[in-house]
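Me: I've got a sequence and a structure here and I'd like to make sense of them. Please start with the ground rules, then let me fire off some questions.

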Amino acid sequence: MPITETITDTFRTNELDPMNHRKDHDGRFYSISQSVKKQLFTGGGLPKEYKELSETLNGLSIMVRKPAIELITYLNKTNFDAPVTRYVLYGKTGSGKSISLAHILHYGSNAGMVLVHVPWVPNWVRFPKGCTPSVIHPNMYDHPIESVEWLRHFSTQNGLLMQKLELKTTETYTWSKREMTAAGSPLSELIDLGMNRAKYATDCVAALLGELKKAAVSKRCRVLVVIDGFNAFFSPRSKVQREDKSIVLPTEFVLTDAFLSLTRNDWTNGAIVVSVDASALPLELRESPLPRYQLGKQGFEHLDPFIPIEVPNYSEKEFHSQIDYYIERNWLQQPKARTDRGRAELSFTSGNHPLSLMKLVAPY
């Protein structure tokens, strides 16, 4: 009985601009250039396994999936004179939320929007690199090192656009008796100060976010906020401790306060896309992937109203595209993977779950 091969050449699209992605491109991969990858994802934004695999396979490709198409459709039709709309991606851990956010980041960059991107909030909550009590905000805590890293990430993603926009501060910021950033200074001065003076970095982030909000309202720029693991801001605990060993809550971080201010819908000329994920919370709070559960009462009320968008497991079409991609890149070399029966086994074993499939075929 002859073996029937199941592989097509329809798993790729030549449409490389996310602004043009629509239903016709569903389930197809598009390639991202090395320069765009360097600009958008040097400071984070791709899951570790996905980033390592793209480097092994010598090129970054992202599958165009329905959640991203739905978001792009919404964004293309947005009335930017209305208060910002909040979108919440949800789904099982490993279903592809971070990759959908990466797709939307690329969209925002191509659309000429200023990107305000937090690659993974739990890093600030669970793996802090040295929090310090805030000098300016009583009973609050700074993340000096993470703030420097985030300002560098912002600068890498938006450097050329910020030069073109020539945004300036609307108020004077006093850092010490000798140091200040005067009203009318380029925002780049605020960013440079934060990157060079870790002591002031967290407050520079807060000031920058406030200035971008004002600039958007006054139509000097359009802002796209993208935050992965947003629900970690409302986690019931963190790894940060006070001197008396009591736990500092994430809501007591200056960074949390700054990003929660930015994700309110009290401004215009922007959009907010966040994800919630069970892995962003402690183990005992991972029963359901639904936004109401993941955000808790405080987080849900903060974002309400929002548009929920589920990122599900692969559809049959997406599953076959993913297998075709692995075969084309010689990552999946088992001949059985080219057959209907072999694919049925992979589909059953992985449950069409993207991360499980990636791990399943790794040594295949």
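Reply: Axes are lines fitted to C-alpha atoms, for helices over the stretch in contact, and angles between N-to-C directions run from 0 to 180 degrees. Helices (H or I, at least four residues) and strands (E, at least two) are DSSP runs, numbered from the N terminus. What you're looking at is a predicted model, where local features need pLDDT of at least 70 and side-chain atom pairs count only at pLDDT 80 or more, while totals for chains, interfaces and linings use all residues. Residues are numbered from 1 along each chain as its sequence is written, and side-chain values use heavy atoms, leaving out hydrogens and water.

Me: How is α6 set against α8: roughly parallel or oblique?

Reply: Let's take the numbers for α6 and helix α8 (residues 198-217): their axes come within 8 Å and cross at roughly 40 degrees. Angles under 35 degrees count as roughly parallel, over 145 as roughly antiparallel, 65 to 115 as roughly perpendicular and the rest as oblique. The crossing angle therefore makes α6, relative to α8, oblique.

Me: Which class gives the most residues to the contact of α6 with α8?

Reply: Contact means heavy atoms within 4.5 Å. On the α6 side you'll find Pro144, Ser147, Val148, Trp150, Leu151, Phe154 and Met162, and they meet Ala198, Ala201, Thr202, Cys204, Val205, Leu208, Leu209 and Leu212 of α8. For the classes, Ala, Val, Leu, Ile, Met, Phe, Trp, Tyr, Cys and Pro count as nonpolar, Asp, Glu, Lys and Arg as charged, and the others, Gly among them, as polar. In this contact there are no charged residues and two polar ones, against 13 that are nonpolar.

Me: And α3 with α4, parallel or perpendicular?

Reply: Helix α3 (residues 66-76) and helix α4 (residues 97-110) have axes that come within 9 Å and cross at roughly 30 degrees. That angle is why α3 counts, next to α4, as roughly parallel.

Me: How many charged residues does the contact of α3 with α4 have?

Reply: From α3 come Pro67, Ala68, Leu71, Ile72, Leu75 and Asn76, while α4 brings Ser100, His103, Ile104 and Tyr107. Sort them by class and you get seven nonpolar and three polar, and the number of charged residues is no more than a blank: none.

Me: What about α11 and α12, parallel or perpendicular?

Reply: α11 packs against helix α12 (residues 340-350) with the axes 11 Å apart and an angle of about 115 degrees. That makes the arrangement of α11 and α12 roughly perpendicular.

Me: How many charged residues sit in the contact of α11 with α12?

Reply: Phe319, His320, Ile323, Asp324 and Ile327 of α11 touch Arg343, Leu346, Ser347 and Ser350 of α12. Four of the contact residues are nonpolar and three are polar, and the charged ones number two.

Me: Which element gives the most to the lining of the largest pocket?

Reply: On a 1 Å grid over the protein atoms alone, a cavity is a set of points where a 1.4 Å probe fits but cannot get out, a pocket is an open set with protein on both sides within 12 Å along at least five of seven lines, and lining residues have an atom within 4 Å of a point. The largest pocket has 49 lining residues, and Gly45, Leu46, Pro47, Lys48 and Pro119 lie nearest its centre. The elements that give two or more residues include α1 (34-41), α2 (48-56), α5 (122-126) and α13 (354-361). The biggest giver, with six residues, is α6.

Me: How many charged residues line the largest pocket?

Reply: This lining is a mix of classes. It has 19 nonpolar and 16 polar residues, and the charged count is 14.

Me: Which elements give two or more residues to the lining of the largest cavity?

Reply: Among the residues lining the largest cavity are Phe29, Tyr50, Leu53, Leu60, Ser61, Gln322 and Tyr325. By class, the lining has seven nonpolar, four polar and no charged residues. The elements giving two or more residues are α2, β2 and α11.

Me: Which two residues does a cis peptide bond join?

Reply: Most residues other than glycine have a negative phi, and most peptide bonds are trans. Look in the loop between α10 (291-303) and β11 (307-310), where Pro305 has its place. With omega about 5 degrees, the cis bond joins Asp304 and Pro305.

Me: What is phi of Lys245 near?

Reply: Lys245 lies in the loop between β9 (223-227) and α9 (254-262). Lys245 is a residue other than glycine with a positive phi, near 75 degrees.
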